[in-house]
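Me: I've got a model open and I'd like to check some of the labels people put on it. Can we go through them one by one?

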Amino acid sequence: MELLHTDTLEEARRKLEEQSQGLAPGVVEIGRAEALGCICAEDVVSEENVPPFPRSTMDGYAIKAADSYGTGESSPGYYRVTGHVHIEEEADMTVEAGEAVRVQTGSMIPRGADAVLMKEYAEEYVSGKLAGYRAVSEGENIIRAGEDIRAGSCVIFRGKKIGPADIGVMAALGIQKIRVCRAPVVTVISTGDELAGAEEKLMAGKIRDINTEVLAAEAEACGMAVRKTCRVPDDREEIRNAVEEALDKSDVILLSGGSSKGEKDYTKQVFEEISHNVFTHGIAIKPGKPTLLAFDPASGTILAGLPGHPMAAALIFRLVIRDWYLKRCGAARPLPCPAVMAENVSSNHGRVSCLPVKLRMVKKTEGSGTVTVEAVPVHAKSGSIFALASADGYVMIDRNREGLKKGEQVLVERLD
Ligand code: AMP
Ligand code: MG
């Protein structure tokens with residue numbers, strides 16, 4: 001029997017990075033509205049101040065703060081109202097000592113004024129004459145020009161995954177386009193005689209195909225572009241045809257099932273025949289040991305043979321393929337969440353374990369009333385998809401450990 005030499009997760013990652021160096025990362029310029037979820041490829045520097053001019057953050061009166069010093073409820077300050085700045089107007093007046101200009105939330109602050117007295121503390125007791133019942137300090141109720149974003153500052157860093165607020169930042173600055181990392185084009189192929197589509201009636205012996213959907217969704221969620229998904233039976237020719245069809249059109253082929261050494265397992269053979277370059281034949285990880293990685297130099301395609309078990313397939317996608325993509329884009333990693341283990345767990349010595357966990361907040365009322373986040377293991381077989389859906393994240397257990405102890409500090413990588 002051929003002994004399986006397994007790579008460690010780090011070895012597999014390093015080999016994939018080295019082997020795929022010929023695959024151009026590529027940068028594309030896209031419109032603001034399409035940028036959500038993409039990874040920024042170049043620092044975006046603001047050319048404008050936001051706001052472009054000082055604005056009031058309240059309805060009230062723009063005044064000189066010094067005029068209000070010492071005033072209060074029982075000793076009002078008196079001001080002459082000399083004008084009104086509507087929200088869309090330029091403030092073309094100057095506030096002199098003892099004067100006030102009526103402003104709305106968002107109005108431009110006139111020259112000479114350095115604070116806004118809220119209208120709740122002011123009363124125009126006769127037209128043009130104002131009593132103010134509160135002292136305001138310099139800058140109060142005003143957002144300065146550039147206080148939100150200063151011209152010349154970096155607003156979106158290379159490697160940042162563009163979120164809704166970044167789209168807002170671009171809108172604030174009038175930025176129409178952004179350079180992002182080109183999304184790797186992905187083909188998802190699921191293999192197995194037993195697989196039926198979600199829309200099919202389940203016949204005895206058949207199960208529904210989960211991997212096609214979950215892998216396509218994982219790929220999309222991390223910013224990749226899925227061009228095609230398909231399901232093929234455990235037939236070497238058919239699998240080979242499906243891979244060959246995808247070669248020139250994909251950067252990454254995710255082929256799940258048939259990746260170990262069973263009688264109907266053809267992934268390795270097919271990858272060998274096509275690429276002559278299968279560099280990882282198993283990873284020392286639980287779940288997900290039967291993982292194959294190859295790079296086809298002729299077409300510049302990563303061939304990933306993922307385990308058939310859905311949870312294992314999804315986790316290996318994250319740990320290997322998503323990790324590769326994020327590293328390549330210089331993407332910032334989401335911070336893991338520190339937690340303490342809620343119970344003891346054992347793990348396989350010699351293999352790193354990826355343990356799905358739920359996060360639970362525990363409030364300790366005694367003492368300073370601290371809040372602890374507990375990681376509760378989700379015990380499941382690697383075929384369970386619901387276990388993965390129930391988990392908030394996962395904990396990696398080092399291969400030199402035999403498990404984790406209740407109360408032990410861990411870092412949870414978030415699954416969202
Ligand atoms: P395999 O690696 O092909 O031996 O598959 C391992 C296990 O995963 C078997 O129980 C398969 O039925 C199951 N499996 C393989 N592919 C899928 C899939 N696309 N969706 C759901 N389960 C699958
Ligand atoms: Mg199979």
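Me: At what angle do helix α4 and helix α7 pack, and how far apart are their axes?

Reply: Keep in mind that this is a predicted model. Helix α4 (residues 211-221) and helix α7 (residues 310-328) pack at about 20°, and their axes are 10 Å apart.

Me: Why are α4 and α7 called roughly parallel?

Reply: The angle is about 20°, and angles under 35 degrees count as roughly parallel. Therefore α4 and α7 are roughly parallel to each other. Their crossing is right-handed.

Me: Which residues make that contact, and what kinds are they?

Reply: From α4 you have N211, V214, L215, E218 and A219, and from α7 P310, A313, A314, F317 and R318. They divide into seven nonpolar, one polar and two charged.

Me: What makes α5 oblique to α6?

Reply: The axes of helix α5 (residues 236-247) and helix α6 (residues 267-275) come within 10 Å and cross at roughly 45°. Angles under 35 degrees would count as roughly parallel, and roughly perpendicular runs from 65 to 115. A crossing of roughly 45° fits neither range, so α5 is oblique to α6. This crossing is right-handed.

Me: Which residues of α5 and α6 touch?

Reply: On α5 they are R236, I239, R240, V243, E244 and L247; on α6, Q269, V270, F271, E273 and I274. This set divides into six nonpolar, one polar and four charged.

Me: Over to ligand 1. Which residues come nearest to ligand 1?

Reply: There are 14 residues around ligand 1, and E194, D209, I210, G258 and G308 come nearest.

Me: How do you know that E194 and D209 make polar contacts with ligand 1?

Reply: The cut-off is a pair of N or O atoms within 3.5 Å. A polar side-chain atom of E194 is 2.5 Å from an oxygen atom of ligand 1, and a polar side-chain atom of D209 is 2.8 Å from a nitrogen atom of ligand 1. Both pairs pass. N211 passes too, with a polar backbone atom 3.4 Å from a nitrogen atom of the ligand.

Me: What is omega for the cis peptide bonds before P51 and P287, and where are those prolines?

Reply: From V50 to P51, omega is near -10°, and P51 is in the loop between β2 (44-45) and β3 (55-56). Between K286 and P287, omega is about -5°, with P287 in the loop between β19 (285-286) and β20 (292-296).

Definitions and conventions. Residues numbered from 1 in each chain as written. Chains lettered and ligands numbered in written order. Predicted model: local features only at pLDDT ≥ 70, side-chain atom pairs only at ≥ 80, totals over all residues. Heavy atoms only, no water. Axes fitted to C-alpha atoms, helices over the stretch in contact; angles between N-to-C directions. Helix = DSSP H or I, 4+ residues; strand = E, 2+ residues; numbered from the N terminus. Parallel < 35°, antiparallel > 145°, perpendicular 65-115°, else oblique. Left-handed = near helix turned anticlockwise from the far one by under 90°. Contact = heavy atoms within 4.5 Å. Nonpolar A, V, L, I, M, F, W, Y, C, P; charged D, E, K, R; others polar. Near = heavy atom within 4 Å. Polar contact = N/O pair within 3.5 Å; in protein donor to acceptor, adjacent residues only side chain to side chain.
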